[in-house]
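Notebook open, coffee ready. Today I'm looking up how the strands in this structure line up.

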Amino acid sequence: MKKTLLVFVVVLLSVIESFPQASFITGALEVSVNEFGRIRLFDMDENRHLQRASILVGTSPTTVFDYQNDAEQLEPTVLVSNPASSDFEIYGAYDNSYSSAPPDVIIRLNAFGWNNGNYAIVKFTVINDEANPINATIGLDIIPELNMEYGYDTVTYNSAQQLIPFHRGSQMNMGIKLLTASFSSLYSFEWYDGYEVDADYWTWMNHGSLQSQYVSNTVDGPVTITAEAPITLAHGQYYQVYYALALGANEAAMLANIAAAEVKFNETFVGVEENELTGQFEAANFPNPFNTSTTISYQLQDAGFVTLKVFDACGREIKTLVNENQPVGLHKVNFNANGLPEGVYYYTLTSDNQVVTHKMVIAR
């Protein structure tokens, strides 16, 4: 049983669902987010398949921000009336004022959906609200509820697609993929009452490997904990992480929906896709605007000597990122903006008498 004795489920259900929340229906699935940042997925028959996905931010074995113990509403969870980036959007902001326990972080959540898409993209913006820098490990706490049932699910890591499928027999499949980084840790275990303890979260988030498969063997079902590599954030700095969530009648359909989400992510949020760079001399960076760092990607049609330099708005050179011979193909370079004031900057890529310049913005 999940969180309560079965005898209380019916009574509590109306209370749980009465929490202020926002939801949208794409025509293929429903996404809802409650006032504390809990994400749920439903199909068009109103069957719930994701009981909860919620963010985790850990900074030490005794300091992990989680939904159950810490999250409180900072700004209301609302359906955005005129989304700029999608057909549907939910926005909300949450902090740790429920517990007042560290880490002091602000979480801004945006959930995006598109007409008839059986997928959603969720963006978390994690802001350090502590006076000192933090080294934050960010992940998800996931409880599947495929076809509104708990138990006997299989959780796997699909290394080829770098995503996590959830399935049970021939029933609905669900997938979750981290779009802006790679999972550094993946660990599942059988749900038990009161598992939400900082020290345990920290252990699971630092499992250090990607559990290839977990098969639930009780009616309680699995809990899955993910993490990515730690990121250092100074006071007021933020880090953005994107996830794709998708449903499918079978694994192939779920994978196709995850792939559609990735295409939408690249078209909408990355700016210039890497596949648009193929076959031409071009460059793009993501994220933009950014706070701490951004990745500049560029395509070389011919091998040769390459320079990549960053300039401020007055044309003063800030940093040389590349100054060497490089082969044909796609290249990626990380630009760390620590120590630089916010504002407009430019990067110039030069190779074989070809030059491209693009604007990027540091926003804090």
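Which residue in β23 does L300 stand opposite? I looked it up: the residue facing L300 is G329. I should jot down that I'm working from a predicted model.

**Entry 1: the sheet with β23**

I stayed with β23 and checked what it belongs to. It sits in an open sheet of three strands, ordered β19-β20-β23, and the pairing is antiparallel. I then asked myself why β19 and β23 each have a side without a neighbour in the sheet. Both stand at the edges, β19 at 282-286 and β23 at 329-336, and each has a single partner strand, so one side stays free of neighbours in the sheet. From one strand to the next, I noted an average twist of 20°. For the β20 to β23 pair, I found eight bridges, with β20 covering residues 293-300.

**Entry 2: the sheet with nine strands**

Next I traced another open sheet, and this one runs β6-β7-β8-β9-β18-β13-β12-β11-β15, again with antiparallel pairing. Its edges are β6 (72-79) and β15 (213-215); each has a single partner strand, so each has one side with no neighbour in the sheet. Here the strand-to-strand twist averages 15°.

I zoomed in on β8 (residues 105-113) and β9 (residues 119-128), which run antiparallel and are joined by eight bridges. As an example, I looked up A111 and found V122 in β9 as its bridge partner.

**Entry 3: a helix on the sheet**

Last, I looked at what α3 (residues 251-270) does: this helix packs on the sheet and touches β8, β9, β12, β13 and β18. I wrote down about 145° between the directions of α3 and β18.

How values were computed
Residues are numbered from 1 along each chain as its sequence is written. This is a predicted model: local features need pLDDT of at least 70, side-chain atom pairs count only at pLDDT 80 or more; totals for chains, interfaces and linings use all residues. Side-chain values use heavy atoms; hydrogens and water are left out. Two strands pair if DSSP finds at least two bridges between them. Helices (H or I, at least four residues) and strands (E, at least two) are DSSP runs, numbered from the N terminus. Axes are lines fitted to C-alpha atoms, for helices over the stretch in contact, and angles run from 0 to 180 degrees between N-to-C directions. Contact means heavy atoms within 4.5 Å.
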